[in-house]
Amino acid sequence: MNTATSHQLFTAALDLMPGGVNSPVRAFKSVGGEPFFAKRAEGAYLIDVDGNRYVDYIGSWGPMIAGHAHPAVLEAVARTMRDGLSFGVPNALEVTMAQTVQRLVPSMQMMRMVNSGTEATLSAIRLARGATGRTLLVKFEGCYHGHGDSFLVKAGSGALTFGLPNSPGVPKALADLTLTLPYNDFEAATKLFDEVGSEIAGVIVEPIVGNANCILPRDGYLQHLRDLCTRHGAILIFDEVMTGFRVALGGAQSRYGVTPDLSTFGKIIGGGMPVGAYGGRADLMRQIAPSGPIYQAGTLSGNPVAMAAGLATLELIQAPGFHERLEANTHVLCDGLEAAARDAGIAVTTTRTCGMFGLYFTDRQVETFDDAMASDANAFKRFFHGMLKRGVYFAPSAFEAGFLSAAHGETEFAHTFEAAREAFREARAG
Ligand code: KE4
């Protein structure tokens, strides 16, 4: 593949931005090589500055569930921006967005729009601490909730990819207030709550862990966390930045029938524009300024153009059968990848839910963080490049989930399986 223009751009970028990128996971550091620079995107495809086309299984890390550059989303943005880009005073689209989210996610009795998933999770834990008067936060090893100080403890995603699960710069006094549990371990959770339950302000969990690749909750696990939080007066926060509106129209909480006290959203809710949201029980949210004393604010929060992109995307995913088709296609993709790996004689396990999947080079079933960490990251690295050079773009990390959109179909899967048959052979060769 000719990647000369990407190389020129990356060379310049390296002198200007840390690692040449504005977000670490884009840098290809864990898989080697240099990132390509996108020129444009359409449907299931990214096109780079040298004209190479890739079937894209990241979709901007989740937002592009309707496919890249969907005409309805672009039209909504074009129409809205003609009235101005930002007002700094309330606008009707903020009300429409809140009404839409409340209808799709009934636990969101009240909510606040912010500009990223990180802002949403930061705000949610501040609210949990402020509302309970407690200080301890519980998270799960390998889960990633954005780059807020309290979360960079045994974190997943890029922090895990680069072996920085505990980032420098986070004061020990603060990090010590974050306790981590193994995900899917019922006894460990019960034991921790028995010991310090009365001091726990909140538990934040990715209901499906998408930042240690993709790990599904064991039957009853989310309800177990729900029961523990209820019993000990802790706030249960579902971080649905990744799963929200993807794994079901109402997110993981509707898929698993477990209601958190607070939820956080991002990605799809902005349709590719910078939007996050947090919300839940009204008695908690009323404690947020200006109706309450717990402060949180944002210059561009509820920005009309971002609301328009998010609303257009939320409209598209409400089409009859949208999630059923997305889930069926996720199984087609994963079954096809497993078949290609078997044909190549290499041990690969996939985990899958609606619109999200994990690919692990292991013969184990992956149900825990340790299972995920036991997979062969070097084999993934070879597979990643084998697919990339054949025009298929997987997440450039063994610890990131893959994402499907409504634009992925037979043509894309056929191309992917043909590439995978070769790439798995190369991955095995090592
Ligand atoms: P942002 O601040 O990146 O919008 O959202 C942070 C966040 C919070 N919670 C969950 C469950 C998330 O997955 C994320 C962000 N996800 C990563 C991908 N694993 C974003 C990609 C990146 O960091 O560039």
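This tour goes through the two domains of the chain and the contact between them.

The model is a predicted one, in which local features need pLDDT of at least 70 and side-chain atom pairs count only at pLDDT 80 or more, whereas totals for chains, interfaces and linings use all residues. Residues are numbered from 1 along each chain as its sequence is written, and side-chain values use heavy atoms, with hydrogens and water left out.

Begin by selecting 4-69 together with 320-429 as domain 1, and then 71-317 as domain 2; these bounds come from an automatic or database domain assignment. The C-alpha centres of the two domains are 25 Å apart. In the contact (heavy atoms within 4.5 Å), 38 residues belong to domain 1 and 35 residues to domain 2. The buried area, meaning the accessible area (1.4 Å probe) that two parts lose on being put together, summed over both, is about 3000 Å² here, with 61% of it given by carbon and sulfur atoms.

Next, select Glu327 and Arg255, which form a salt bridge whose closest N and O atoms are 2.6 Å apart. A salt bridge requires a side-chain nitrogen of Lys or Arg within 4 Å of a carboxyl oxygen of Asp or Glu, and the count between the domains is two.

Finally, display the side of domain 1 that touches domain 2, to which helix 12 (322-343), strand 11 (349-353), strand 12 (356-360) and helix 13 (369-373) each supply at least two residues. Helices (H or I, at least four residues) and strands (E, at least two) are DSSP runs, numbered from the N terminus. Strand 12 gives the largest share of that side, five residues.
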